[in-house]
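Trainee: Could you show me how to read a few features of a structure that I have not met before?
Mentor: Gladly; let us look at the structure together.
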Amino acid sequence: MGVTAASIGANTFAFFTRNPRGGKAKALDPADVASLRELMTREGFGRLVAHAPYTMNLCSTKASVVDFARRAMADDLERLESLPGNYYNFHPGSHVGQGVERGIELICEGLDQVLGVGQSTTVLLETMAGKGSEVGRTFEELERIIDGCAKGELLGVCLDTCHVWDGGYDIRGRLEDVLDEFDHVIGLERLKALHLNDSKNACGSRKDRHEKIGRGALGMESFEAIVTNERLVGLPMILETPNELDGYATEISLLRKIAREAA
Ligand code: FE
Ligand code: FE
Ligand code: ZN
């Protein structure tokens, strides 16, 4: 993965900690881990942003689903300690009709059980589009999770540009206001990473359909403003656009060029 990332001009990457649909994870090969650490140093990689399986739901109505989510997260965090100091991003969960209150309660309960003292990984809550009963569409909901969690100091936020837009935050027209709002509600020091995706739908649509950079409702100008924003510069930015490898290489070089010219 690291070699592929370097070959397309990236200096960070995301990876699923296990099959994204769930299931049992493979044991880590110490030789693989060692060569990845070596490559990251050599290529000057920033922090990595691991992604939890997206079937994981800490606030399901089914005890077995909640139990799986807690176990998978605990296990992922344990394995990530072989690559210390990186990020682990997850979708807070879907409350499936129980209501946001109960959802947040269950998410906090799960995190309190799973987060460990001395853990070097920062766990990131991803901003969600608000599709179905997703928790974490608003900055307020994310803040309530961080606040309600006894080990909140181990938590941060990963802002997905498609999700916040679909969730109703107009980052095309008022990026600075949205960042002010994030700062006011959560605190920008909690913002640790970005997922860069354009959106196939309108602001507030709550759809969560990613589009290639510049080809969607956000458009190229939004991404120019994002990658050159002084409050966002230096954060790991991960592409989750519908692309093959060459498409990612093109997007990376385009975004790098914009950032370089602004610097
Ligand atoms: Fe995600
Ligand atoms: Fe995302
Ligand atoms: Zn998405």
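Mentor: We shall take a metal site, a strand and a charged residue in turn, keeping in mind that this is a predicted model.

Trainee: Which residues coordinate the iron ion (ligand 1)?
Mentor: To read such a site, one looks for donor atoms within 2.8 Å of the metal. Here the iron ion (ligand 1) is coordinated by His51 and His91, each through NE2, and by Glu126 through OE, at 2.1 to 2.3 Å, and in sequence these donors follow the spacing H-x39-H-x34-E. The iron ion (ligand 2) is 3.3 Å from the iron ion (ligand 1), and Glu126 coordinates both.

Trainee: Where do His91 and Glu126 lie along the chain?
Mentor: His91 is in the loop between strand E3 (87-90) and strand E4 (93-94), while Glu126 is in strand E5 (residues 122-126), so that the pair, 35 residues apart, links distant parts of the chain. Glu126 counts as buried because its relative accessibility is 1%.

Trainee: How should I read the two faces of strand E7?
Mentor: In a regular strand the side chains alternate between the two faces of the sheet. In E7, Leu155, Val157 and Leu159 on one side and Gly156, Cys158 and Asp160 on the other are all buried. E7 pairs in the parallel sense with E5 over four bridges, Val123 standing opposite Leu155, and likewise pairs in the parallel sense with strand E8 (residues 191-196) over four bridges.

Trainee: Which side chain of opposite charge is nearest to Glu251?
Mentor: A salt bridge would need the charged atoms within 4 Å. The nearest side chain of opposite charge, Lys212, is 6.9 Å away, and Glu251 is buried yet has no salt bridge.

Definitions and conventions:
Residues are numbered from 1 along each chain as its sequence is written. Chains are lettered from A and ligands numbered from 1 in the order in which they are written. This is a predicted model: local features need pLDDT of at least 70, side-chain atom pairs count only at pLDDT 80 or more; totals for chains, interfaces and linings use all residues. Side-chain values use heavy atoms; hydrogens and water are left out. Donors are N, O and S atoms within 2.8 Å of the metal (3.2 Å for Na, K and Ca); water is not among the atoms, so sites may look incomplete. Buried means under 20% relative accessible area, exposed over 50%, partly exposed in between (1.4 Å probe, protein chains only). Lys and Arg count as positive and Asp and Glu as negative; His and the chain ends are not counted. Two strands pair if DSSP finds at least two bridges between them.
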